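Please read the points below alongside the model. They are ordered by topic and can be taken one at a time.

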Amino acid sequence: MTEPRDESEAALLAACRDGDPAARRRLFEQAAPRVHAIASHFFGRDPATAADVTQEVLVKAMSSLGRFRGDSRFTTWLHRITVNACLDERRRAARLVALEEREAPAPPSADEAALVREAVTRLPESLRIAVVLRHFEELSYAEMALALGCSEGTIASRLSRGHAQLARELRALRGGRQ
Amino acid sequence: MSEHVHDRLEAVAEGRDPEAAAHVERCASCREELALVREGRAAMASLAAPVATPVAWRDVERRLARPRRRRAALAVAATLVVASVVALLARSPMRVLEGTLSHGVATTRVHVALGTIGEAWADEGSRLRVVGRAPLTLRLDAGSLRVQVHAPPRAFVVVTPDARIVDLGCSYELTPQRVRVIGGSVEVAGGDRSVVVRAGWSCAILAGRGPGAPVRVGASPRLVAAVATAERTGRIDETALVAAAPPDALTLLELLPLLQRPDRDAALARLIELTRPPSTVTYDTILVLDSRSLRAWREELLAHPPTPKEAP
């Protein structure tokens with residue numbers, strides 16, 4: 001699937017490939033908040049890992065610009081790298097956990113935003129990624145399907161189930177608070 | 001049709017699927033599910049995106065500038081570390097270490113039971129991993145750790161990015177930048193040096209260079225500030241040396257290898273004013289940082305710490 005590309009995006013990428021330091025910095029400034037938004041909601045309780053993954057993704061993306069063929073928008077490519085990095089880090093951490101890890105139930109919190117963030121971290125990974133990409137990156141179903149490597153129908157299903165599950169988790173958390 | 005519509009409720013909530021919406025009108029189960037979808041969407045819409053990105057351009061730029069060969073070597077090294085830890089854990093049929101990590105917001109500290117040899121508490125957000133079992137070795141990459149060990153010396157080790165902290169029977173607090181000893185003592189090694197830090201003393205851990213010079217809790221703030229500057233620059237404010245008292249002799253001794261000359265000469269002169277060196281040690285061997293002389297004087301100062309009024 002080929003998507004229309006922004007002329008300014010193409011010019012910026014070309015300047016980056018030519019080694020223009022100002023262009024590279026501008027690309028970083030555009031990309032970093034997007035990558036961090038996804039990573040920080042994926043690793044909700046672990047901001048250090050979110051920061052590590054953000055840096056890894058940015059280094060990987062900026063050092064691999066030559067391999068970006070332009071078949072999709074740069075942001076779609078970036079999202080795909082970010083999602084893969086999040087999932088890889090989760091799998092790697094799961095292999096390395098040596099201390100038994102038991103998560104304590106979420107404590108009561110007066111902060112509604114904290115409750116929502118906690119509910120997001122409780123979603124299964126596939127639903128969490130879909131919900132986060134939809135809300136913080138405002139991607140279309142087609143862009144999400146590209147980023148996640150699945151069909152648009154699967155995206156629709158994951159969003160429906162993700163939002164419904166999120167509401168259930170929130171209700172459970174609010175119930176625990178009362 | 002109900003299950004199929006459940007997959008289309010997102011589109012219904014966005015007003016993009018009139019056919020499914022018509023079904024929802026007639027189906028109580030789908031209406032209930034749609035209400036949940038709308039509630040979840042509203043919750044997400046209320047959530048602001050994180051504003052600050054904790055990754056600086058200069059860090060990314062520095063990594064991009066690294067030669068490819070070195071990056072490849074680091075990747076291989078990282079893989080080996082991962083593989084060795086996995087192998088280590090897989091080899092051990094019995095868990096030596098049992099811990100509990102609690103992530104709740106109300107829990108400000110994480111408690112880790114270190115088998116039978118002690119316990120530790122890590123601040124929430126600390127990055128902690130087991131990297132060895134004989135001796136039991138944890139790696140602390142970020143955050144802080146408080147350790148209480150009841151075991152023979154050298155049975156418990158914590159490694160940080162820049163140092164290796166070996167327990168000599170004690171309790172201590174540790175961040176990747178500083179160790180503060182509460183009881184007993186620890187050995188801090190890194191770079192090409194190693195120091196012993198006793199109860200009531202703390203020691204900076206210098207990026208890429210290992211331990212700094214231990215300083216005691218009661219040391220003059222002027223001396224403490226001068227030591228911190230010297231650890232960074234290799235230069236010391238000679239007027240601050242006057243603030244050193246006899247109990248600070250160990251600080252000056254451990255500072256010598258970090259000082260450039262002639263600052264090292266000045267610090268050694270002050271050290272000799274504060275305490276007499278062992279008979280096997282001469283001014284000249286210390287000035288050239290002879291390791292045997294430094295060790296002899298260190299052992300003397302650790303075995304017989306000078307008291308405040310003890311200047312020769």
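1. T82(A) is found in helix α4 of chain A, which covers residues 74-96. The model is a predicted one. T82(A) has a relative accessibility of 0%, and because buried means under 20%, T82(A) counts as buried. Leaving out residues up to four places away in sequence, T82(A) touches V35(A), I38(A) and V57(A).

2. Aromatic pairs come next. Searching the whole structure gives four of them over all chains. One is formed by F42(A) and F43(A), which meet edge-to-face, at 4.9 Å centre to centre and with 75° between the planes. Both of these residues, F42(A) and F43(A), are buried. In another pair, F68(A) with W77(A), the ring centres are 5.0 Å apart and the planes lie at 40°, so this pair is tilted. F68(A) and W77(A) are buried as well. Together with F74(A), the residues F68(A) and W77(A) form one aromatic cluster.

3. Arginines over rings deserve a separate entry. R128(A) lies over the face of F42(A), 4.6 Å from the ring centre. The ring of Y141(A) has R16(B) over its face, and here the distance to the ring centre is 4.9 Å. The second case therefore involves a residue of chain B and a ring of chain A, given R16(B) and Y141(A).

4. Which residues of helix α5 of chain B are buried? In this helix, residues 57-65, they are W57(B), V60(B), R63(B) and L64(B). These residues cover an arc of only 135° around the axis, and therefore sit on the same side of α5(B). R58(B), R62(B) and A65(B), on the other side of α5(B), are exposed. Note that arginine appears in both sets: R63(B) is among the buried residues, while R58(B) and R62(B) are among the exposed ones.

5. Strand β10 of chain B, residues 185-190, is mostly covered, with six of its six residues buried. S185(B), E187(B) and A189(B) point one way from the strand, V186(B), V188(B) and G190(B) point the other way, and all are buried. The buried set thus includes E187(B).

6. What strands does β10(B) pair with, and in which sense? With strand β7 of chain B, residues 164-167, β10(B) pairs in the antiparallel sense over four bridges. In that pairing R164(B) stands opposite A189(B). With strand β11 of chain B, residues 193-198, the pairing is again antiparallel, over six bridges. Here V188(B) has V195(B) of β11(B) as its bridge partner. β10(B) and β11(B) form a hairpin with two residues between them, and G191(B) in the turn has a positive phi of about 60°.

7. The last point is the nonpolar cores. The largest has 62 residues, and those with the most contacts inside it are F156(B), Y172(B), V179(B), V186(B), V188(B), V197(B) and L253(B). Apart from this core lies another, of 61 residues, which includes A37(A), V57(A), L65(A) and F136(A). V57(A) is also one of the residues that T82(A) touches. Back in the largest core, V197(B) is in contact with V179(B), V186(B) and V188(B), among others, once neighbours within four places in sequence are left aside. Further contacts of V197(B) include G184(B), S185(B), C203(B) and P214(B).

Technical notes
Residues are numbered from 1 along each chain as its sequence is written. Chains are lettered from A and ligands numbered from 1 in the order in which they are written. This is a predicted model: local features need pLDDT of at least 70, side-chain atom pairs count only at pLDDT 80 or more; totals for chains, interfaces and linings use all residues. Side-chain values use heavy atoms; hydrogens and water are left out. A nonpolar core is a set of buried Ala, Val, Leu, Ile, Met, Phe, Trp, Tyr and Cys residues joined through side-chain atoms within 4.5 Å. Buried means under 20% relative accessible area, exposed over 50%, partly exposed in between (1.4 Å probe, protein chains only). Contact means heavy atoms within 4.5 Å. Two strands pair if DSSP finds at least two bridges between them. Rings of Phe, Tyr and Trp (its six-membered ring) pair if their centres lie within 6.5 Å; planes under 30 degrees apart count as stacked, over 60 as edge-to-face and the rest as tilted. A charge sits over a ring if NZ of Lys or CZ of Arg is within 6 Å of the ring centre and within 35 degrees of the ring normal. The arc is that of the directions from the helix axis to the C-beta atoms.
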